[in-house]
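Visitor: Please choose one part of this model for a close look, and then lead me from there to other places that a beginner should examine.

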Amino acid sequence: MAELAQGRISNIQLVLLLTGFLLGTSILILPGGDIHPDTWLAFLLGCGQGLILAFIYLALARRFPGQTFVKIAEAVWGRYIGKIVSLAFLWYVFHAGALTTTNFLDFIKVSILPSTPAMLLVLMLVGVCAAAVWSGLEVITRCSEVLVPLTILFTLFLALMLIPDFKAANLQPVLQTPLPELLKTSVRVATFPFGETVIFLMILPFLNKQNKSLSSVVIAFALTVFILITGMLRTLGVLGNVAPLYVYPLYQATRSIDLGHTLTRLEILTSINFLTMGFIKASVQLFAFVVGLSQFLGLKSDRTLVVPAWLLMSLLGLYNLPGVAETIAFTHTVYPFYALPFEVFIPLATLVVAWLRKLPREGQQP
Amino acid sequence: MVIVITVFVGMLVCLQLPSLLKLGSRRDLLTYLILMGLAYILMVLRTVGVHLPYVTSAIVRVFKAVLGRFI
């Protein structure tokens, strides 16, 4: 049992942790890359595709209860191929964590602290995540218990505050997007953020009731898609056709709130939402990487790797892409192809091979 | 700035080293020192202005070369 995963997480904690993870960066950078009146439909379709992927991950986790993906891969693929598969998976987790860090950094550099040195910012941001990971999975889940309901509350509050600026005409014409375009956007939504649930193959073993995990995942997906659609609709209703021109349209939309010159500058709530959900996401990714790598290397204590992983993830966050535009373009264009092997092929192939080899065998510890 | 980074990384190592020695696992100690060394070198290189290639930009180039039609 991993040292950092002392204590078990309940199903309601899984709902909140997964919701926080999925909202992570997508609460600011809308998934799919397009904002038009039919984007909500793409979100729903993407969520459906993401659920199919989640079924694969859950089936794998239930077949090997109490085992992380690193152990599962070794049991299914054998010692050497299993190590290669695990290494590829760990690279994906590490890189996804670094991308979250880059998104954090870009947002703060562009919107809040443009003159602060990037290395200082990134070390402090990921340092908070590292502190949470050092304290263990239970602390991360307890943080999500506080932060995710607050985020939902803030999102609904901001949607209410934007009603005076909301123009229903901006949401038209409906169902005019060609089907191939809609499907393309939905696949992007399925890979980011829903497919990233694959990282939970490192968390699911620490769930206290595995048999109820499916309902938790469905609720978390529904909550996420509800928050995303609310955010998308209010942004489009306020900004209209110019929404896609902004780097952070959700943030931009909330800047226009001005109720009697008293309630203004409420974009800070969007910033808080992004930073708190980004913290949950980066913490989960850092936790998964640390636990996975220590199992891969056969270390005695998984706490050994928390500090080095913090520094290296921060550094890769700095060396990911040269600017905000490149990061967002990567998320919407290359990432769906890049993530496909890790989110679909590897888990699916592992499940199929486990099924064909009838693993785990009776009385055999996987 | 290099001195600040050296002190920072040195402090981190000094804080964790006793617990690693107490753990008595040579593999843990070696992994920790190698990864910290790598992080230190990368931090110093960035500070002194050595330009390292962007990792994800390289991935983008590879994917665009292979799947250019679809991206």
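Guide: Let us take chain B as the part to study closely, beginning with its accessible surface (Shrake-Rupley method, 1.4 Å probe), which comes to about 4,800 Å², with 73% of that area belonging to carbon and sulfur atoms. This is a predicted model, in which local features need pLDDT of at least 70 and side-chain atom pairs count only at pLDDT 80 or more, while totals for chains, interfaces and linings use all residues. Residues are numbered from 1 along each chain, chains are lettered from A and ligands numbered from 1 in the order written, and side-chain values use heavy atoms, without hydrogens or water.

The secondary structure of chain B consists of three helices and zero strands (DSSP runs of at least four residues for helices and at least two for strands), and along the sequence this gives the pattern α-α-α. Chain B is more spread out than a compact globule, because its radius of gyration is 18 Å, well over the 11 Å that the globule rule gives for 71 residues (over C-alpha atoms; the rule is 2.2 Å times the number of residues to the power 0.38). The C-alpha trace of chain B spans about 55 × 30 × 15 Å along its principal axes, and 28% of the 71 residues in chain B are buried (under 20% relative accessible area, with exposed meaning over 50%).

From there we can turn to chain A, where helix H8 covers residues 213–239, has 27 residues and reaches 39 Å from its first C-alpha to its last. Of the 27 residues in H8(A), 19 are buried, so this helix is largely enclosed by the rest of the structure. After H8(A) comes A:Gly240, whose phi is positive, near 65°.

If you go back along chain A to the loop between helix H7 (179–191) and H8, you will find A:Pro193, and the peptide bond joining A:Phe192 to A:Pro193 is cis, with omega at about 15°. The loop between helix H6 (137–161) and H7 of chain A holds A:Leu175, a residue other than glycine with a positive phi, near 55°. The side of burial that A:Leu175 falls on is clear, for this residue is exposed, with a relative accessible area of 58%.

The segment after helix H13 (335–356) of chain A contains A:Pro360, and here too there is a cis peptide bond, from A:Leu359 to A:Pro360, with omega near -5°. A:Lys358 lies in the segment after H13 of chain A; the phi of A:Lys358 is positive, near 55°, although the residue is not glycine, and at 61% relative accessibility A:Lys358 counts as exposed. As for H13(A) itself, this helix packs with helix H4 (residues 79–112) of chain A at an angle of about 135°, their axes being 11 Å apart. H4(A) and H13(A) are therefore oblique to each other, a word for angles that are not under 35 degrees, over 145 or from 65 to 115.

Our last stop is A:Gly24, in the loop between helix H1 (11–23) and helix H2 (39–63) of chain A, which is buried, with a relative accessible area of 0%. Measuring from C-alpha to C-alpha on the model, you should find A:Gly24 and A:Asn170 27 Å apart in space, while in sequence they are 146 residues apart.

Conventions
Expected span 1.5 Å × (residues − 1). Buried < 20%, exposed > 50% of the residue type's maximum accessible area, 1.4 Å probe, protein only. Axes fitted to C-alpha atoms, helices over the stretch in contact; angles between N-to-C directions.
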